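Colleague: I am new to this structure and would like a close look at a single part of it. Could you take one strand, go through its partners and its surroundings, and then set it in the wider picture?

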Number of protein chains: 2
Amino acid sequence: MNDKIIITIAREYGSGGREIGKQLAENLNIPFYDKELITRAAEENGIDPDLFENADEKPSNPFWTSLAFNIGTFGSHSPTMNDLPMNDRLFLLQSKTIHKIAQEGSCVIVGRCGDYILENEPNAVHLFIHANSEDKLKRVIHSYGIPAEGAQEFMKKTDRRRAAYYDYYVGEKWGQMEHYDLSINSSTLGIKSTVDLILEFIKIKKSLK
Amino acid sequence: MNDKIIITIAREYGSGGREIGKQLAENLNIPFYDKELITRAAEENGIDPDLFENADEKPSNPFWTSLAFNIGTFGSHSPTMNDLPMNDRLFLLQSKTIHKIAQEGSCVIVGRCGDYILENEPNAVHLFIHANSEDKLKRVIHSYGIPAEGAQEFMKKTDRRRAAYYDYYVGEKWGQMEHYDLSINSSTLGIKSTVDLILEFIKIKKSLK
């Protein structure tokens with residue numbers, strides 16, 4: 001019986017999505033990829049991890065990208081991946097790493113358009129974690145150590161950036177339930193019990209194979 | 001221990017949301033309200049059930065509503081509920097019935113902006129059921145008996161009407177995950193196992209009280 005399970009988690013900033021992913025990975029005893037993805041994609045492609053870190057979940061500037069293609073920055077040769085803006089190249093290399101990781105076995109992958117990149121992976125389930133604003137704000141201040149002043153704005157900006165990244169590379173609106181098997185408000189049950197619910201979901205999913 | 005639980009279910013047409021609600025109600029041995037809401041709201045308000053049926057999950061025409069208010073259809077008296085367009089009056093009466101039902105005890109309520117009307121009800125959980133297009137189409141044709149020709153269009157129209165009803169009375173976009181504790185793609189586990197997952201969710205929720 002093929003028990004492989006790939007869990008992708010998209011998450012609002014402050015919703016505890018990363019923590020939920022970590023606990024899921026520990027519970028299921030499978031690898032967990034969040035920032036770890038960057039390190040691995042950098043290693044595999046011989047690229048400075050700082051470059052990846054800097055481009056992480058940020059879209060290219062679509063103006064410059066389309067301008068470069070339209071005015072023929074590429075001279076007389078057809079454009080190749082090396083001609084793409086750095087963020088787009090990193091996205092493609094990162095996608096390759098995500099596919100490779102998914103081939104290796106069960107895992108939890110946080111963010112980075114995992115739901116889109118692995119939309120045709122039959123063993124994948126795609127989750128979105130959101131939460132009530134006041135809970136997110138509390139978590140951002142007390143757990144992530146963001147100064148209370150400006151925390152609300154920082155939270156909004158981070159989600160706007162994630163949305164722009166998704167919109168740019170997927171071509172769809174971020175945070176729409178249709179892209180996910182399960183979208184959960186982590187405020188309803190709290191982190192620990194949300195993990196329990198997802199474990200039950202995985203158990204049922206596996207039993208149906 | 002207060003074990004009361006109100007489950008509201010919003011659903012895409014063809015997602016099996018009604019069937020899921022019915023099975024939840026049977027499993028939990030609590031009343032189920034879908035069309036039953038209309039009958040009850042009609043009875044309680046001495047209004048012809050056909051009028052309710054006709055207005056069911058349809059918004060007023062916002063043009064006529066605002067026109068009536070702006071050009072002073074109401075003459076010299078202040079507008080009262082009796083001056084509202086019929087669909088708006090029926091929405092208000094139905095909302096009153098939904099509040100009353102929620103006061104009486106545990107129940108399952110399908111559609112009719114239940115999540116919004118009961119957003120401050122502490123014992124309520126709000127669910128949204130969606131599904132893959134091909135599964136919805138199959139269900140609409142084979143279980144609801146809609147002729148295959150035109151089924152896709154009928155499905156889209158029904159959801160557009162539900163969205164317009166929600167947008168009109170709630171003032172927010174329909175089908176956004178932020179309004180729900182749990183948004184579930186019923187294609188992932190199928191109807192029966194989706195019911196099992198929700199029962200587990202309810203069990204965890206009750207255990208936290």
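**Strand β4 of chain B and its surroundings**

Modeller: In this predicted model, strand β1 (residues 6-11) of chain B and strand β4 (residues 124-130) of chain B run parallel and are joined by six bridges. Within this pairing, B:I7 stands opposite B:V125 of β4(B), while B:T8 has B:H126 of β4(B) as its bridge partner. β4(B) also pairs with strand β5 (residues 182-185) of chain B, again in the parallel sense, over four bridges, and here B:I129 has B:I184 in β5(B) as its bridge partner.

As to its surroundings, β4(B) is mostly covered, with seven of its seven residues buried. From this strand B:A124, B:H126, B:F128 and B:H130 point one way, whereas B:V125, B:L127 and B:I129 point the other way, and all are buried. One of these residues, B:L127, is also named for the largest nonpolar core, which has 88 residues: together with A:V108, A:I109, A:L127, B:V108 and B:I109, B:L127 touches the most other members.

The wider setting of the strand is an open sheet of 10 strands with mixed pairing, in the order β2(A)-β3(A)-β1(A)-β4(A)-β5(A)-β5(B)-β4(B)-β1(B)-β3(B)-β2(B). At the edges stand β2 (32-33) of chain A and β2 (32-33) of chain B, each with a single partner strand, so one side of each has no neighbour in the sheet.

From the core one can also turn to chain A, where A:I109, leaving aside its neighbours within four places in sequence, is in contact with A:I6, A:T8, A:Y33, A:L37, A:I98, A:I101 and A:G114. Two of these residues, A:L37 and A:I98, appear again where two helices meet. Helix α2 (residues 36-45) of chain A and helix α5 (residues 86-104) of chain A pack with their axes 9 Å apart, at an angle of about 105°, and α2(A) and α5(A) are therefore roughly perpendicular to each other. On the side of α2(A) the contact is made by A:L37, A:R40, A:A41, A:E44 and A:N45, and on the side of α5(A) by A:L93, A:Q94, A:T97 and A:I98. Sorted by class, the contact of α2(A) with α5(A) has four nonpolar, three polar and two charged residues.

Terms used. Residues are numbered from 1 along each chain as its sequence is written. Chains are lettered from A and ligands numbered from 1 in the order in which they are written. This is a predicted model: local features need pLDDT of at least 70, side-chain atom pairs count only at pLDDT 80 or more; totals for chains, interfaces and linings use all residues. Axes are lines fitted to C-alpha atoms, for helices over the stretch in contact, and angles run from 0 to 180 degrees between N-to-C directions. Angles under 35 degrees count as roughly parallel, over 145 as roughly antiparallel, 65 to 115 as roughly perpendicular and the rest as oblique. Two residues are in contact if their C-beta atoms, placed from the backbone, lie within 7 Å. Ala, Val, Leu, Ile, Met, Phe, Trp, Tyr, Cys and Pro count as nonpolar, Asp, Glu, Lys and Arg as charged, and the others, Gly among them, as polar. A nonpolar core is a set of buried Ala, Val, Leu, Ile, Met, Phe, Trp, Tyr and Cys residues joined through C-beta atoms within 7 Å. A residue is buried if 20 or more other C-beta atoms lie within 10 Å of its own, exposed if 12 or fewer, and partly exposed in between; C-beta atoms are placed from the backbone. Two strands pair if DSSP finds at least two bridges between them.
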